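User: I am in my first year and would like to go through a structure by question and answer. Please explain the terms as they come up.

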Amino acid sequence: MICKTCGTQIADKALICFRCGHSTFEPARRQQPAKRRSLIPTLIALVILVVGGVLMPRVAPGTVPQAASVVLLVLAVIVLAWRVFERRRR
(Lines give C-alpha, C1' and ligand atoms only; values in the text may rest on other atoms or scores of the structure.)
Protein backbone atom coordinates (compact mmCIF):
# COMPACT_ATOMS: atom_id res chain seq x y z
CA MET A 1 0.00 0.00 0.00
CA ILE A 2 1.15 3.55 -0.65
CA CYS A 3 0.52 6.39 1.83
CA LYS A 4 -1.93 8.94 0.41
CA THR A 5 -0.13 11.79 2.17
CA CYS A 6 3.58 11.25 1.56
CA GLY A 7 3.70 8.44 -1.05
CA THR A 8 5.82 6.05 1.05
CA GLN A 9 5.40 2.30 0.56
CA ILE A 10 3.85 0.87 3.76
CA ALA A 11 2.45 -2.50 4.86
CA ASP A 12 -1.05 -3.38 3.67
CA LYS A 13 -2.34 -3.74 7.25
CA ALA A 14 -0.69 -0.57 8.58
CA LEU A 15 -2.97 1.76 10.54
CA ILE A 16 -0.66 4.76 10.21
CA CYS A 17 2.23 5.69 7.96
CA PHE A 18 5.57 5.17 9.71
CA ARG A 19 7.08 8.12 7.87
CA CYS A 20 4.48 10.92 8.16
CA GLY A 21 2.19 9.51 10.88
CA HIS A 22 -1.08 10.03 9.00
CA SER A 23 -3.88 7.49 9.21
CA THR A 24 -4.26 5.03 6.34
CA PHE A 25 -8.06 4.93 6.56
CA GLU A 26 -10.94 7.37 6.82
CA PRO A 27 -12.88 7.44 10.10
CA ALA A 28 -16.33 5.88 9.96
CA ARG A 29 -17.93 9.05 11.30
CA ARG A 30 -16.57 12.55 10.98
CA GLN A 31 -16.64 14.82 13.99
CA GLN A 32 -19.20 17.62 13.77
CA PRO A 33 -17.82 21.12 14.23
CA ALA A 34 -18.96 22.75 17.45
CA LYS A 35 -21.82 25.20 17.07
CA ARG A 36 -20.98 28.73 18.06
CA ARG A 37 -23.44 30.21 20.47
CA SER A 38 -24.47 33.79 20.09
CA LEU A 39 -22.93 36.34 22.42
CA ILE A 40 -25.90 38.73 22.20
CA PRO A 41 -28.12 37.20 24.96
CA THR A 42 -25.20 37.16 27.38
CA LEU A 43 -24.35 40.79 26.63
CA ILE A 44 -27.98 41.88 27.07
CA ALA A 45 -28.19 40.10 30.45
CA LEU A 46 -24.85 41.59 31.48
CA VAL A 47 -25.94 45.13 30.56
CA ILE A 48 -29.22 44.74 32.45
CA LEU A 49 -27.41 43.49 35.55
CA VAL A 50 -24.84 46.29 35.48
CA VAL A 51 -27.39 49.05 34.84
CA GLY A 52 -29.64 47.64 37.56
CA GLY A 53 -26.79 47.46 40.03
CA VAL A 54 -25.58 50.98 39.32
CA LEU A 55 -28.93 52.77 39.04
CA MET A 56 -31.00 50.90 41.63
CA PRO A 57 -29.78 52.87 44.67
CA ARG A 58 -30.16 56.18 42.81
CA VAL A 59 -33.77 55.72 41.71
CA ALA A 60 -35.23 55.68 45.21
CA PRO A 61 -32.50 56.30 47.78
CA GLY A 62 -33.01 54.51 51.03
CA THR A 63 -35.57 52.02 49.73
CA VAL A 64 -33.14 49.55 48.17
CA PRO A 65 -30.55 47.94 50.39
CA GLN A 66 -27.01 48.47 49.18
CA ALA A 67 -26.47 44.71 49.41
CA ALA A 68 -28.95 44.20 46.55
CA SER A 69 -26.96 46.40 44.19
CA VAL A 70 -23.73 44.69 45.22
CA VAL A 71 -25.32 41.29 44.54
CA LEU A 72 -26.37 42.43 41.06
CA LEU A 73 -22.87 43.65 40.27
CA VAL A 74 -21.34 40.41 41.54
CA LEU A 75 -23.77 38.40 39.39
CA ALA A 76 -22.75 40.48 36.37
CA VAL A 77 -19.08 39.73 37.01
CA ILE A 78 -19.84 36.01 37.44
CA VAL A 79 -21.77 35.90 34.15
CA LEU A 80 -18.94 37.64 32.33
CA ALA A 81 -16.26 35.41 33.87
CA TRP A 82 -18.27 32.28 33.06
CA ARG A 83 -18.67 33.36 29.45
CA VAL A 84 -14.92 34.04 29.09
CA PHE A 85 -14.12 30.67 30.68
CA GLU A 86 -16.47 28.84 28.29
CA ARG A 87 -14.90 30.57 25.29
CA ARG A 88 -11.35 29.65 26.32
CA ARG A 89 -12.28 26.05 27.09
CA ARG A 90 -13.24 25.36 23.47
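Analyst: Accessible areas come from the Shrake-Rupley method with a 1.4 Å probe, and for residues only the protein chains shown count as cover. The model is a predicted one, in which local features need pLDDT of at least 70, side-chain atom pairs count only at pLDDT 80 or more, and totals for chains, interfaces and linings use all residues. Residues are numbered from 1 along each chain as its sequence is written, and side-chain values use heavy atoms, with hydrogens and water left out.

User: What share of the area that the protein chain exposes do carbon and sulfur atoms supply?

Analyst: The protein chain exposes about 7700 Å². Of this area, the share supplied by carbon and sulfur atoms is 66%.

User: Is isoleucine 2 buried or exposed?

Analyst: Buried means under 20% relative accessible area, exposed means over 50%, and partly exposed lies in between (1.4 Å probe, protein chains only). Because isoleucine 2 has a relative accessible area of 52%, this residue is exposed.

User: Which residues does isoleucine 2 contact, leaving aside its neighbours within four places in sequence?

Analyst: Contact means heavy atoms within 4.5 Å. With those neighbours left aside, the residues in contact with isoleucine 2 are Gly7, Thr8 and Gln9.

User: How far apart are the C-alpha atoms of isoleucine 2 and threonine 24?

Analyst: Along the chain, isoleucine 2 and threonine 24 are 22 residues apart. In space, their C-alpha atoms are separated by 9.0 Å.

User: What percentage of the residues in the protein chain is buried?

Analyst: The protein chain has 90 residues. Among these, the buried residues make up 17%.
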